[in-house]
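Let's take a stroll through this protein together. Have a look at the picture below, then read on.

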Amino acid sequence: MRKVAEEIIKAKFCIALTGAGISTESGIPDFRSKDGLWSRYDINEYGYLHSFLKNPAKVWKMLAEMAELFEKVKPNPAHYALAELEKLGLLKAVITQNIDGLHQEAGNKKVIEFHGSFNTLTCLNCGKKYSKEKIDLKNLPPRCSCNGILKPDIVFFGEPIPTKALNEALELANKSDLILVIGTSCAVYPAAALPIIVKRKGGKIIEINREESELSYLADYKLLGKAGEILPKVVEEVKKLMKNRLQKIQ
Ligand SMILES: [Zn+2]
């Protein structure tokens, strides 16, 4: 913990990459887990862009359930710890594979959403944007004033990562000398490439996961356990070190 805190303070450009594992403690089951969405909804019928386009009313039933869950959940101590690191000037950005918006709710300003966001929706017919709050989930599928069907701005399977998010993430990874990898097994590209980019440029990887992952062999530090317990302790350690240094200078 102490060493990890030292690395965070020492780093010139630290970023974080987060995945489903950081939000499970907020009550959002990993989509792929046994309680997750894909255990109840067939991924082929609900998860792909072509499934949505073919039968939007059907897929919207699942999306409405998702929206309702996102409405209920709150950020957990792991999200708040990352927001605090950003406030301390020690974390430059969070790149997330999550679509729940919890990093922003916790207070992080610089968040790159790799898989889009549920906070906005776009009309498939005219392209008009709507915010989630304005949507009536009682009549599915929700429609635009032009009668076109609304699609949440999340990335379905078969859809590319939004170009802007991808470019920003690659740019950030190229600048970074330290990446915190939290709650993601790094099995899916291109997100999985980000820690490798940092490492190849001589930077370091700190992994915080429940268990070892495909990334573990590359990680310089591994903290295994719950992110909501580990990250606040890391931040405490960071603040202690910063205070000590300040006292020494004075
Ligand atoms: Zn429209």
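In what kind of crossing, left-handed or right-handed, does H7 pass H11? Before we get there, a word on the model: it is a predicted one, where local features need pLDDT of at least 70, side-chain atom pairs count only at pLDDT 80 or more, and totals for chains, interfaces and linings use all residues. Residues are numbered from 1 along each chain as its sequence is written, and side-chain values use heavy atoms, leaving out hydrogens and water.

Now for the helices (DSSP runs of H or I, at least four residues, numbered from the N terminus). H7 covers residues 77-87 and H11 covers residues 227-249; their axes come within 7 Å and cross at roughly 25°. Those axes are lines fitted to C-alpha atoms over the stretch in contact, with angles running from 0 to 180 degrees between N-to-C directions. That makes H7 roughly parallel to H11, a label for angles under 35 degrees. And the crossing is left-handed, meaning that the near helix is turned anticlockwise from the far one by less than a right angle. Among the residues in contact (heavy atoms within 4.5 Å) are Leu82 and Leu85 of H7 and Leu231 and Val235 of H11.

Next, find the zinc ion. Cys123, Cys126, Cys144 and Cys146 each offer an SG atom, 2.3 to 2.4 Å from the zinc; donors are N, O and S atoms within 2.8 Å of the metal (3.2 Å for Na, K and Ca). The site is tetrahedral, with angles of 103 to 117° among its 4 donor atoms, where four donors need all angles between 85 and 135 degrees.

Methods: Four donors count as tetrahedral if all angles lie between 85 and 135 degrees; four count as square planar and six as octahedral if opposite donors are over 155 degrees apart and all others between 65 and 115; anything else is irregular. Helices (H or I, at least four residues) and strands (E, at least two) are DSSP runs, numbered from the N terminus. Angles under 35 degrees count as roughly parallel, over 145 as roughly antiparallel, 65 to 115 as roughly perpendicular and the rest as oblique.
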